[in-house]
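These are my notebook entries on one chain. I set down what I looked up, topic by topic.

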Amino acid sequence: TFVLFVNLMLAVVYNAYLESMKKVLKTFLETRHKALLEVFVLLSQARHGSNSAAEDRIDDRRITTDVFTEFIGVLSTFAVFKGQLKRSYASIFLKMLDADQNESLELEEFMYTLDILHYRIWILPERSLLLRRVEANFSGSSWILWSMHLLHDFVSSGWLTNIANMVLTLNFVFMLVESYYDMSKMEMPQALVRMETFFSSIYVVEVVLTVAVVSMRSYLSDMGNVFD
């Protein structure tokens, strides 16, 4: 009876706490939404050129590219965004969120942008330093540049990964055969030993070819590559 009474009291307290937190969260979201609407009105202008919020519906207002870029630049100076947000990111946000491609942000698009700012953002160079140096120092007719671009296309297409996966599957089969020899206390054929070296070489070649055209930071951003 005592345990039942305690559980009942805890349930009542928890429900009261839950309702209280719901009210706090609701108030916070309403206040936040109201404040962001005011920010949008301050930054935006009407499509026909009027800057008066009273004369236009908020759905008719847009934030121009220049104003949005300046807005991101100001935000990047805040301590909370230091090292995370840069002025140059404004063009990236516009490309991602400007659904109608009119080079301006509507209210909904602006709200999406502010939601994205809650995440930690960083930009990695997709191409390796070697490839970028080759592109900078060799002309378009150079066979070296042509070879590097061909390798980049080969890696980016996923063919190299597919080949590595097939080799991995084949390696798994050979591992089963090796396990059979080990459990049977039989001498392992020399061919199996050579195959181990072959498979290891394939993995090394895959990594070398990939990092030759893909930046190391971009390569290591994939946990599968880190595992490799």
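Entry 1, the pocket. I took a pocket to be an open set of grid points with protein on both sides within 12 Å along at least five of seven lines, and a lining residue to be one with an atom within 4 Å of a point. I note at the outset that the model is predicted. I looked up the largest pocket and read a volume of about 420 Å³. Its lining comprises 16 residues. Nearest the centre of this pocket I found Thr 161, Ala 164, Glu 206, Asn 225 and Asp 228. I then asked which elements give two or more residues to the lining. They are α7 (159–183), α8 (190–213), α9 and α10 (223–227).

Entry 2, Tyr 219. I located Tyr 219 in helix α9, which spans residues 216–220. Is Tyr 219 buried or exposed? With a relative accessible area of 6%, Tyr 219 falls under the 20% limit and is therefore buried. Setting aside neighbours within four places in sequence, I listed its contacts as Val 207, Thr 210, Val 211, Val 214, Asn 225 and Asp 228. Of these contacts, I had already met Asn 225 and Asp 228 among the residues nearest the centre of the largest pocket. I also checked Tyr 219 against Lys 34: the two are 185 residues apart along the chain, and their C-alpha atoms are separated by 42 Å.

Entry 3, Leu 192. I placed Leu 192 in helix α8. Its relative accessible area is 8%, under the 20% limit, so I recorded Leu 192 as buried. Not counting residues up to four places away in sequence, Leu 192 touches Phe 174, Val 177, Glu 178 and Tyr 181. From Leu 192 to Met 166 I read 18 Å, C-alpha to C-alpha, for a sequence separation of 26 residues.

Entry 4, record annotations. I consulted UniProt, where an unreviewed entry lists residues 158–177 and 198–220 under "transmembrane region". In the model, residues 158–177 are 95% helix and 0% strand, with end C-alpha atoms 29 Å apart. Residues 198–220 are 91% helix and 0% strand, and their end C-alpha atoms lie 24 Å apart. The unreviewed entry also gives "domain: Ion transport" for residues 166–228. For that span I noted 83% helix, 0% strand and 15 Å between the end C-alpha atoms.

Entry 5, domains. The domain assignment gives domain 1 as residues 1–118 and domain 2 as residues 129–227. I read 45 Å between the C-alpha centres of domain 1 and domain 2.

Entry 6, aromatic pairs. How many aromatic pairs does the structure hold? I counted six. For Phe 68 and Phe 71, the ring centres are 6.4 Å apart and the planes stand at 35°, so I entered the pair as tilted. Both residues lie in helix α2 (residues 65–75), three residues apart, about one turn of the helix. Phe 68 and Phe 71 are both buried. Following the ring pairs further, I found Phe 40, Phe 68, Phe 71 and Phe 110 linked into a cluster.

Entry 7, helix α4. Phe 110 led me to helix α4 (residues 107–116), whose buried residues are Leu 107, Glu 109, Phe 110, Met 111, Thr 113 and Leu 114. I asked what covers these buried residues. The cover includes α1 (2–43), β2 (61–64), α2, α3 (89–97) and β3 (104–105).

Note on methods. Residues are numbered from 1 along each chain as its sequence is written. This is a predicted model: local features need pLDDT of at least 70, side-chain atom pairs count only at pLDDT 80 or more; totals for chains, interfaces and linings use all residues. Side-chain values use heavy atoms; hydrogens and water are left out. Domain bounds come from an automatic or database domain assignment. Rings of Phe, Tyr and Trp (its six-membered ring) pair if their centres lie within 6.5 Å; planes under 30 degrees apart count as stacked, over 60 as edge-to-face and the rest as tilted. Helices (H or I, at least four residues) and strands (E, at least two) are DSSP runs, numbered from the N terminus. Buried means under 20% relative accessible area, exposed over 50%, partly exposed in between (1.4 Å probe, protein chains only). UniProt positions are given in the numbering used here, feature names are shortened, and annotations may be inferred rather than shown by experiment. Contact means heavy atoms within 4.5 Å. On a 1 Å grid over the protein atoms alone, a cavity is a set of points where a 1.4 Å probe fits but cannot get out, and a pocket is an open set with protein on both sides within 12 Å along at least five of seven lines; lining residues have an atom within 4 Å of a point. Grid points are joined across faces, edges and corners, and a volume is the space filled by probe spheres set on the points.
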